[in-house]
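Here are my notes on the model below, set out as numbered points. Please read them with the structure open beside you.

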Amino acid sequence: MKSIRARAAGRFPPLNVMQDDDALIIDVELPGKTAKDVELTLEPQSVTIADRPAEPAEGEVAVKRESAWRRRLELPFRVDQKRANAKFVNGILRIELPR
């Protein structure tokens, strides 16, 4: 598990979490990244956001690479996975997780 020192050193992207009675919204700041650079895993009561390792360049040997960072957030309720949504706009990944 990564420590708070790793987060303070900037190894995790900053994020904001907002909650109301109907949903939880997570905004992750990822300037210079695109949707192809991020991997999301949604479970009934958690979400994991990770840096997707770069594909090897042409001529490079394919080596399994670890993510540079990974954040797992435990959620205060079970998510309606069929209605969950994520979009990437101007370097901000917005994840909408309805109850």
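**Notes on the fold and selected residues**

1. Ser46 touches Thr41, Arg72, Leu73, Glu74 and Leu75, when residues up to four places away in sequence are not counted; contact here means heavy atoms within 4.5 Å. This is a predicted model, in which local features need pLDDT of at least 70 and side-chain atom pairs count only at pLDDT 80 or more, while totals for chains, interfaces and linings use all residues. Residues are numbered from 1 along each chain as its sequence is written, and side-chain values use heavy atoms, with hydrogens and water left out.

2. The protein has one helix and seven strands, which are DSSP runs numbered from the N terminus (helices are H or I, at least four residues; strands are E, at least two). Along the sequence they follow the pattern α-β-β-β-β-β-β-β. Of the 99 residues of the protein, 29% count as buried, where buried means under 20% relative accessible area, exposed means over 50% and partly exposed lies in between (1.4 Å probe, protein chains only). If one takes the contacts between residues at least 6 apart in sequence, 50% of them join residues at least 24 apart.

3. One open sheet has three strands in the order E3-E4-E5, with antiparallel pairing; two strands are taken to pair if DSSP finds at least two bridges between them. Its edge strands are E3 (38-43) and E5 (70-74), each of which pairs on one side only. Neighbouring strands of this sheet are turned by 10° against each other on average, direction ignored, with axes being lines fitted to C-alpha atoms (for helices over the stretch in contact) and angles running from 0 to 180 degrees between N-to-C directions. Within the sheet, E3 and E4 pair in the antiparallel sense over six bridges, and Glu43 stands opposite Ser46 in E4.

4. Ser46 deserves a second look, this time for its setting. The residue belongs to strand E4 (residues 46-51), and Ser46 counts as buried because its relative accessible area is 1%. The side chains of Ser46 and Arg72 are joined by a polar contact of 3.2 Å, that is, a pair of N or O atoms within 3.5 Å, where within protein one must be able to donate a hydrogen and the other to accept it, and residues adjacent in sequence count only if both atoms are side-chain atoms.

5. Thr41, one of the residues that Ser46 touches, is found in strand E3. Thr41 is classed as partly exposed because its relative accessible area is 33%. Apart from residues up to four places away in sequence, Thr41 touches Ser46, Val47 and Thr48. Thr41 and Arg72 are 31 residues apart in sequence and 9.0 Å apart in space, C-alpha to C-alpha.

6. A second sheet, also open, has four strands in the order E1-E2-E7-E6, with antiparallel pairing. Strand E1 (15-19) and strand E6 (85-89) stand at the edges, each with a single partner strand, so one side of each is left without a neighbour in the sheet. In this sheet the neighbouring strands are turned by 15° against each other on average, direction ignored.

7. E6 and strand E7 (residues 92-98) pair in the antiparallel sense over five bridges. Val89 has Ile92 as its bridge partner in E7, and Phe88 stands opposite Leu93 in E7. The two strands E6 and E7 form a hairpin with two residues between them, and Asn90 in the turn has a positive phi of about 50°.

8. Which residues does Asp22 contact beyond its neighbours within four places in sequence? They are Pro98 and Arg99. Asp22 is found in the loop between E1 and E2 and is exposed because its relative accessible area is 56%; Asp22 and Arg99 are 77 residues apart in sequence and 5.8 Å apart in space, C-alpha to C-alpha. Asp21 is found in the loop between E1 and strand E2 (23-29) and is exposed, with a relative accessible area of 70%. Asp21 and Pro98 are 77 residues apart in sequence and 9.3 Å apart in space, again C-alpha to C-alpha.

9. Lastly, the aromatic rings. Arg71 lies over the face of Phe12, at 5.3 Å from the ring centre; a charge sits over a ring if NZ of Lys or CZ of Arg is within 6 Å of the ring centre and within 35 degrees of the ring normal. A search of the whole structure finds zero aromatic pairs, where rings of Phe, Tyr and Trp (its six-membered ring) pair if their centres lie within 6.5 Å, with planes under 30 degrees apart counting as stacked, over 60 as edge-to-face and the rest as tilted.
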